[in-house]
Amino acid sequence: MNDFFSSPSVPGNDDIISRLQAISNAFVAITSELDLDVVLQKIADTAREVGKAHYAAMGVVDENGKITSFITSGITKEQRELLGEPPQGHGLLGLLITEGQPLRVPNIAEHPRSCGFPPNHPPMTSLLGVPVSVQGRVTGDLYLTDKIGSVAFTPEDEWWLTIFARQAAIAIENAHLYKKARIAQQRSQTMAELTSQLNQSSQPEELFQHITRAACTLLELPAAALYLLNQSGSRFDFEAEVGLRNLSQHSLDNALPIHGSAAGEVLEKGLPVIIEDKAELEIMGFIQLENGEQPRSMLMVPIRRGTLVKGVIAVYGSRPRRFSAEEETILQAFADQAALALEKARLYQQKEEFLSMTAHDLRAPLTAIKMSAGLLEVSLPSDLPAPLKQLVSNIGRNSERLNTMLEDLLDFSRLEQGRVVLKLERLELTEALSSAVSALAPLFEEKNQQIELKHTGGKFWVLADRNRLEQALVNLLTNANKYTPESGRVETAYMHEPGWVTVEITDSGPGIPKEEQNLIFNRYYRRSVHDQSRLTTGSGLGLPIARSLVELHKGQLWVESEPGQGSTFKLRLPIAE
Ligand code: ADP
């Protein structure tokens, strides 16, 4: 018969109604609580009070019958701490869990299955324990010890504690489900955030770091590593780690072999490898956590492209640990997203290399065209018809523009690869800005724009590469000129604060909506919606180049703007000592 409906023998005790009332009242409080630990504590406290015992304890048992949480009532916090880890369930508690039957013992020490008390355990004599079961499976145990005012617990005590445990099981299960649902919901939210961040970096190093950090966050574990299969498929190269120590020193060539490694097993089967306790397998080899200890548990999932394994993500735990099916699924889902991001980064890298190679190759013929057009322009006969003169000057102007675009492309790829080295000198910022403005004066005149340098005197010394700083300023001023309509206005000003100076370039152009104010600093990003962008030419590299240059100078570049109200680009640099 179903365990739930088999009633324990009903005692004829006057106390019953008051006890039932007490537990029913307690359950209103217990079931209104969803935090598992609080629920367990309330159950243990209620059991102790209603059962009139000195002590009570509530254990939670996992699928393997192991006690994973142990909540006590009636002993002080300090006493509880001295007891340490939950009991292993070898003695009487084990009996309670394996037999799934109540246990009423007048003297614990005399019971044949008793294995005594651990050190620091308060002395206890009588015991009444009942299993806590859900759908026929024992999920915990609840017991009282040392009945107050009596030598032993009675059958009545057993009767009501059994009833109490049945209700407790439901409250615990609810709290369990709630906790699981909450964790799952938090995980999927974290997963969504982490995956969307994956798409923000196309720099391999940055991406590798992000992947390992995200893997730790997802499973709330202290360490993770990323390995990618090398081109020939002969080993896994180490790419990034979080929370591991001296990985490179311990691992030969910074790589994992295919044979005998967990990664090799993942490659062979195309499936995750789980190590719940290192004792199981010695394939974690050289890995050390930051505290110098070896990890005890690991979950390693494949990074797949189609059916091929291209790498692995491993997360490590400092203690033995089970990985639930849900955890495995979520890390695998993340690895699949990471695989897409890695592939995108690889293609991006190829495209960049191709672009920079092409730009490089186009330079020589373009220089020849530019020089020839220049020579042609100065050696044209003066009586040449104006339309012909115009054609020659078009060649000159457009080859100049093409040249600027090529230079931007090359510059950007140099900056991305960290190949730009600054020639730093102490220079004066207001002079650098004036010189950039003078160089562009003809452009402002052409559009009949007013440019005003607002400067109340004072000098701002910065440590900078003159050419590179001017390049950043020129890019900002060129944009102000390009995107501001004819007869518009551009103003420059300075803001001084301790240790910093900020150049502000304000225009009366169309402005930039909030949601695009960061995007415009992304490579190749051009606002397609607003008229001025469509009418102007550009490569979408001016701002990313300017920002990279400013950041190389340990400064910042950003924009403040309202659509229809113009824009202010702010370039902030540290003042030189
Ligand atoms: P490009 O000017 O070659 O398009 P940039 O990287 O310099 O590339 O600028 C990116 C985009 O930012 C431009 O296409 C434009 O839409 C927007 N933008 C830049 N500066 C301004 C400005 N001063 N006012 C309005 N929009 C601007």
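Helices here are DSSP runs of H or I with at least four residues, numbered from the N terminus. With that in hand, let us walk through this predicted model, starting inside helix α5, which spans residues 155-198.

Helix α5 holds both Trp 160 and Phe 164, which sit four residues apart, about one turn of the helix. What do their rings do? A pair of aromatic rings is described by the distance of the centres and the angle of the planes. There are five aromatic pairs in the count for this model. Trp 160 and Phe 164 make one that is tilted, with 5.7 Å from centre to centre and 55° between the planes. Are these two residues buried or exposed? Buried means under 20% relative accessible area. Trp 160 has 2% relative accessibility, so it counts as buried, and Phe 164 is buried too because its value is 0%. The picture extends to another ring, since ring pairs link Phe 27, Trp 160 and Phe 164 into a cluster.

From the helix we can move to the strands. A good place to enter is β5, residues 137-147. Ten of its eleven residues are buried, so β5 is largely enclosed by the rest of the structure. Which strands pair with β5? Strand β1 (residues 53-61) runs antiparallel to β5 and is joined to it by seven bridges. Strand β4 (residues 127-134) also pairs with β5 in the antiparallel sense, here over eight bridges.

Thr 145 is a handy residue to click on. Within β5, Thr 145 is the bridge partner of Tyr 55, and Thr 145 is also the bridge partner of Leu 127. The hairpin of β4 and β5 has two residues between the strands, and in this hairpin Gln 135 takes a positive phi near 45°.

Strand β4 is itself mostly covered, with seven of its eight residues buried. On to β3 (residues 103-105), an antiparallel partner that three bridges join to β4. You can trace a path through Leu 128 here: in β4, Leu 128 is the bridge partner of Arg 104, while the partner of Leu 128 in β5 is Leu 144.

Now for the empty space. How many cavities of 30 Å³ or more does a search of the whole structure find? The search finds two, and the largest cavity encloses about 90 Å³ of space. Tyr 55 and Thr 145, the bridge partners met above, both belong to the lining of the largest cavity, which also includes Ala 56, Ala 57, Phe 70, His 121, Met 124 and Tyr 143. The elements that give two or more residues to this lining are β1, β2 (67-73) and β5.

The largest pocket has a volume of about 2,100 Å³. Its lining is made of 44 residues, and those nearest the pocket centre are Asp 62, Glu 63, Thr 68, His 176 and Arg 322. Which element gives the most to this lining? That is α5, with ten residues. Other elements that each supply at least two residues include β1, β2 and β5, along with α2 (36-50), α6 (204-219) and α9 (325-378). Helix α5 therefore carries the Trp 160 and Phe 164 pair as well as residues of the pocket lining, with Trp 160 counting as buried at 2%.

Stepping back, the chain is divided into domain 1 (16-181), domain 2 (186-344), domain 3 (349-416) and domain 4 (425-574). Taken over C-alpha atoms, the centres of domain 2 and domain 4 are separated by 43 Å.

Two further stops round off the tour. One is a loop between β7 (235-242) and α7 (247-250), where Leu 244 has its place. Leu 244 counts as buried because its relative accessibility is 4%. Its C-alpha atom lies 6.1 Å from that of Ala 223, although these residues are 21 apart along the chain.

The other stop concerns charges that sit over rings. Arg 547 lies over the face of Phe 521, at 3.8 Å from the ring centre. Likewise, the charged end of Arg 572 sits over the ring of Trp 500, at 4.2 Å from the centre of that ring.

Technical notes:
Residues numbered from 1 in each chain as written. Predicted model: local features only at pLDDT ≥ 70, side-chain atom pairs only at ≥ 80, totals over all residues. Heavy atoms only, no water. Buried < 20%, exposed > 50% of the residue type's maximum accessible area, 1.4 Å probe, protein only. Pairing = 2+ DSSP bridges. Phe/Tyr/Trp six-rings, centres within 6.5 Å; stacked < 30°, edge-to-face > 60°. Lys NZ or Arg CZ within 6 Å of the ring centre and 35° of its normal. Domains from an automatic or database assignment. 1 Å grid on protein atoms, 1.4 Å probe; cavity = no way out; pocket = protein on both sides within 12 Å on 5 of 7 lines; lining within 4 Å. Points joined across faces, edges and corners; volume = space filled by probe spheres on them.
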